[in-house]
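Grab a pencil and work through these exercises with the structure open beside you. Try each task before you read its solution.

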Amino acid sequence: MDVLPLGPGGPALGWRSESGAPVPRRVVDADDALRADDAFRRVCEGTALLWRGDYHGARQLLTALARRADRTPRRRTGQPEPAPTPYDAFHRHRQAQGRRARLLGMLLVPLTPDPDGWTVPLRRAPDVRAACAEAYGPPDADAAPCAVALRELLGVLGAHEWRRKGVPIPALGGDRVHPHYGVFSPVRGEYVDLVARAPLPADRSRAQDVGTGTGVLAAVLARRGVARVLATDQDPRALACARENAARLGLADRVEIVAADLFAPTRVPLAVCNPPWLPAKPTSPVEAAVYDPGSCMLRGFLTGLPGALTDGGEGWLILSDLAEHLGLRPRAELLDLLDAAGLTVLDRLDARPAHPKATDPADPLHAARAAEVTSLWRLAPTR
């Protein structure tokens, strides 16, 4: 584990970051006496703040830093800037998100290994043992104290609540799916509803859910009458999550969780895939469910689909057209991929998103989100 560059004489602290953030170059101690403006100046200069004061004071400072990071830069006087294209708006938004994450990630809190798990040795700190065990695993016998960005720790605690409470899925009759830390939560229900209403093939003996994540689509297929569903993923967190959800839903005997890069080595009458929708680089593990550099997973699914299907089988591709509205991937490129893979479109089912950003004019990508459509493409090999 990397070590924080603390001053001489201080106890050595390791550096923990699930997002892969680099070790801060400079670290200074901070407490409740630090003013928010001074804290913001320091993090902008690249100095991380290791909090030694009250835990709730750290949370208040993080909120204050977020307000300052979100301020719109002053525009230069003179001619007004032209409205950015959707493509430019997307990349500016990503740059702003990245800068915000870097700045807020400079407020750190200590983590101490105890026999019962990880603890935060600050006044009024919450019990983080269960949440940290889910995200980081229990401390090893020789584990040393470390530091983590408060923003990441809050994400760990939030993920623990999602996992504990679960997400109700209307397509499963309101039963809940429990996402694990680092596994994308099925909060956007329109893609699940599409799988719930698309006509199943006549042969319902087997299916594959490629890139299963929480296992929600595998569960929907099993509940709809598919006798056996192979749910594949290459992320250990996702595999554990899908396995737990299948057991919770009483489907462990019909949903088999398989570690695989895309397809399991068997042919099926139906293969379903909900790949990441935007061809861009993720900046954290959980973003890998949203961003697919070079449309790698999309291309892999389409290319491998004909060889994964039995005679007369079909594939379901669930994909938003947000990338088209942002100028990241034109519709013609998707159609060319289908043609190059030797696939024919049998049908397409569409759904409009219902998430709050789709109707929020203040969202930087509002125009593209308002026009977005999520589709289930029914595909078959061209004969």
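Four exercises follow, each with its solution worked in steps.

Some ground rules come before we start. This is a predicted model, so local features need pLDDT of at least 70, side-chain atom pairs count only at pLDDT 80 or more, and totals for chains, interfaces and linings use all residues. Residues are numbered from 1 along each chain as its sequence is written, and side-chain values use heavy atoms, with hydrogens and water left out.

**Exercise 1. Two helices**

Task: Work out how helix H2 and helix H5 cross, and which residues make the contact.

Solution:
- Step 1, find them. H2 covers residues 55–69 and H5 covers residues 150–165. Helices here are DSSP runs of H or I with at least four residues, strands are E runs with at least two, and both are numbered from the N terminus.
- Step 2, look at the axes. They come within 11 Å and cross at roughly 105°. Axes are lines fitted to C-alpha atoms, for helices over the stretch in contact, and angles run from 0 to 180 degrees between N-to-C directions.
- Step 3, name the arrangement. H2 is therefore roughly perpendicular to H5; that label covers 65 to 115 degrees, while under 35 is roughly parallel, over 145 roughly antiparallel and the rest oblique.
- Step 4, list the residues. H2 brings Tyr55, Ala58, Arg59 and Leu62, and H5 brings Leu150, Arg151, Leu153, Leu154 and Leu157. Contact means heavy atoms within 4.5 Å.

**Exercise 2. A serine in a loop**

Task: Describe the surroundings of Ser19.

Solution:
- Step 1, place it. Ser19 sits in the loop between strand S1 (14–15) and strand S2 (26–30).
- Step 2, check exposure. Its relative accessibility is 36%, so Ser19 counts as partly exposed. Buried means under 20% relative accessible area, exposed over 50%, and partly exposed in between (1.4 Å probe, protein chains only).
- Step 3, find the neighbours. Leaving out residues up to four places away in sequence, Ser19 touches Glu152, Thr283, Ser284 and Pro285.
- Step 4, look at side chains. Those of Ser19 and Ser17 share a polar contact of 3.2 Å. A polar contact is a pair of N or O atoms within 3.5 Å; within protein, one must be able to donate a hydrogen and the other to accept it, and residues adjacent in sequence count only if both atoms are side-chain atoms.

**Exercise 3. Salt bridges**

Task: Say which parts of the chain the salt bridge of Asp175 and Arg223 ties together, then do likewise for Arg299 and Glu333.

Solution:
- Step 1, know the rule. A salt bridge is a side-chain nitrogen of Lys or Arg within 4 Å of a carboxyl oxygen of Asp or Glu. By this rule the count is 23.
- Step 2, take Asp175 and Arg223. Their side chains meet at 2.9 Å, N to O. Asp175 is in the loop between strand S7 (167–168) and strand S8 (176–177) and Arg223 is in helix H7 (residues 216–223), so the pair ties together parts 48 residues apart in sequence.
- Step 3, take Arg299 and Glu333. Their closest N and O atoms are 3.4 Å apart. Arg299 belongs to helix H9 (residues 296–308) and Glu333 to helix H11 (residues 331–340), 34 residues apart.

**Exercise 4. A histidine**

Task: Is His180 buried or exposed, and what does it touch?

Solution:
- Step 1, place it. His180 lies in the loop between S8 and helix H6 (190–197).
- Step 2, check exposure. With 9% relative accessibility, His180 counts as buried.
- Step 3, find the neighbours. Not counting residues up to four places away in sequence, His180 touches Arg163, Arg237, Ala240, Cys241 and Glu244. The side chains of His180 and Arg163 are joined by a polar contact of 3.4 Å.
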